[in-house]
Amino acid sequence: MDAPAITPPLWLLAELTYRCPLHCVFCYNPVDYVRCRDELTLEQWCDVMRQARELGAAQLGFSGGEPLLRDDLEQLVAEGRRLGFYTNLITSGIGLTEARLGALRDAGLDHIQLSFQDSTREMNDFLTSTRTFDLKSKVARLIKQFDYPMVLNVVLHRYNLDHVERIIEMALAMGAEYLELANTQYYGWGLLNRAQLMPTREQVEKAEAVVNRCRERIGNRMRILFVVPDYFEDKPKACMSGWGSVFLAVSADGAALPCHAARSIPGMVFPDVRSQGLREIWYDSAAFNRFRGDAWMQEPCRTCPDKDKDYGGCRCQALALAGDAASADPVCEKSPAHGVVQHVVKLAQRRDPDAGQPLIFRSDAESRRLLAEG
């Protein structure tokens with residue numbers, strides 16, 4: 001098999017910090033995030049952005065944790081704008097005051113994605129273990145006041161799928177141009193809480209039908225994206241459009257990653273931007289080349305006619321469900337481990353939501369405990 005042609009990255013995700021005021025039970029950040037306290041400095045981040053732009057990246061996302069906890073966020077946005085990036089702030093909104101939003105606008109911020117957890121104060125605040133619904137609502141009004149295009153993001157799961165129509169109405173009332181209804185993907189804290197968060201098939205089908213009716217009614221007033229949970233599909237998603245294809249993430253402590261959850265794969269060493277240049281990392285590093293192309297593939301992926309469309313699916317999900325990051329994504333009906341997915345879905349059908357282990361909220365104390373447990 002020929003070596004894959006390596007194209008430049010198009011999207012740089014700067015995970016500025018893993019610190020966060022929220023404690024979301026579905027957070028995709030690594031559960032041992034407390035080990036990542038040695039954050040890149042302003043100068044180091046500016047160098048990363050410069051190198052990424054030289055490589056060809058055009059979009060720049062600032063995320064976390066909560067990126068607003070970085071006091072130098074405005075300077076980072078300004079540098080991103082100066083370099084020619086289209087900049088996007090991915091935020092819970094906590095800490096986004098009128099003064100700070102004005103400063104970010106002056107710095108050249110192009111776009112804001114604001115997260116909510118539900119349409120009700122009670123569920124929003126329960127899922128984050130905070131009292132933030134009213135504050136988030138105020139931030140949504142500020143975003144519109146400053147005439148920003150707004151994406152509202154709501155992660156869906158067993159606890160809020162039945163509220164999807166109210167969530168859509170909330171987004172409309174807030175003036176969102178785009179609503180992303182992203183069913184939980186089970187990485188990090190989401191994987192830890194999978195048994196509690198996994199919806200029933202009936203919930204997913206009903207919610208999707210509601211979304212389709214709302215799309216017809218709303219028309220062009222707001223675009224709605226409904227991401228079906230992987231576990232309820234029989235074909236895998238083309239994760240990150242292929243490993244090391246278009247997406248480059250840099251974590252708070254400088255690790256360069258081909259996807260958000262790549263650190264969950266044991267035995268892989270991800271290069272550090274403080275000791276290696278991005279060009280070398282992107283084109284030559286073992287980590288970024290590990291799952292490029294198809295030479296790494298096992299059967300049934302190796303001879304599957306869809307391998308150029310789905311790239312074998314998600315490597316982190318293959319690890320979580322089949323125990324091998326190089327195996328076929330078990331979401332695929334052709335995977336030898338597809339029965340694992342079917343079993344998890346069946347358990348969700350039978351499970352009493354009030355029984356079993358309690359939800360584990362993202363927190364420093366929990367992160368240290370899980371890190372100690374290995």
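Which residue with a positive phi follows H5? That residue is Asp-147, and its phi is near 60°. The close-up views below come from a predicted model, and the first one starts with this helix.

**View 1. Helix H5 and the elements that cover it.**
Helix H5 takes in residues 133–145. Its 13 residues should span 18 Å at 1.5 Å a residue, and its end C-alpha atoms are indeed 18 Å apart, which agrees. Look for the buried residues of H5: Phe-133, Lys-136, Ser-137, Val-139, Ala-140, Leu-142 and Ile-143. What covers them includes three helices, H3 (98–107), H4 (121–128) and H6, together with the strands E4 and E5. Follow the chain past H5 and you come to Asp-147, with its positive phi.

**View 2. Helix H9 and its buried face.**
Helix H9 has 18 residues, 201–218. From its first C-alpha to its last it reaches 26 Å, close to the 26 Å expected at 1.5 Å a residue. Buried in H9 are Gln-203, Val-204, Ala-207, Val-210, Val-211, Cys-214 and Ile-218. Seen down the axis of H9, these buried residues fall within an arc of 130°, so they line one face of the helix. On the other side of H9 you will find Lys-206, Arg-213 and Glu-216, which are exposed. The buried residues of H9 pack against helix H6 (164–174) and against E6 and E7. After H9 comes Gly-219, whose phi is positive, near 65°.

**View 3. Helix H14, which also has a buried face.**
Helix H14 is made of 13 residues, 338–350. They should span 18 Å at 1.5 Å a residue, and the end C-alpha atoms of H14 are 19 Å apart, which agrees. Try picking out the buried residues of H14: His-338, Val-341, Val-344, Val-345 and Ala-348. They fall within an arc of 125° when seen down the axis of H14, so they line one face of the helix. Lys-346 and Arg-350 are exposed on the other side of H14. The cover over the buried residues of H14 includes helix H8 (194–197), H13 and H9, the helix of View 2.

**View 4. The largest pocket and its lining.**
How might you find empty space in a model? Rolling a probe the size of a water molecule over the atoms shows where such space is left. In this structure, the largest pocket holds about 1500 Å³ of space. It is lined by 47 residues, and those nearest its centre are Tyr-28, Gln-113, Asn-153, Glu-180 and His-260. The elements that give two or more residues to this lining are the strands E1 (11–15), E3 (86–91), E4 (111–116), E5 (150–156), E6 (178–183) and E7 (223–227). E6 gives the most, with four residues. By class, the lining of the largest pocket divides into 26 nonpolar, 17 polar and four charged residues.

**View 5. The second largest pocket.**
This pocket has a volume of about 480 Å³. Its lining is made up of 23 residues, and Pro-30, Val-31, Asp-32, Gly-188 and Ser-264 are the closest to its centre. Three helices each supply at least two residues of this lining: H7 (188–192), H13 (315–322) and H15 (364–372). In the lining of the second largest pocket, 14 residues are nonpolar, five are polar and four are charged.

Technical notes
Residues numbered from 1 in each chain as written. Predicted model: local features only at pLDDT ≥ 70, side-chain atom pairs only at ≥ 80, totals over all residues. Heavy atoms only, no water. 1 Å grid on protein atoms, 1.4 Å probe; cavity = no way out; pocket = protein on both sides within 12 Å on 5 of 7 lines; lining within 4 Å. Points joined across faces, edges and corners; volume = space filled by probe spheres on them. Nonpolar A, V, L, I, M, F, W, Y, C, P; charged D, E, K, R; others polar. Expected span 1.5 Å × (residues − 1). Buried < 20%, exposed > 50% of the residue type's maximum accessible area, 1.4 Å probe, protein only. Arc of directions from axis to C-beta. Contact = heavy atoms within 4.5 Å.
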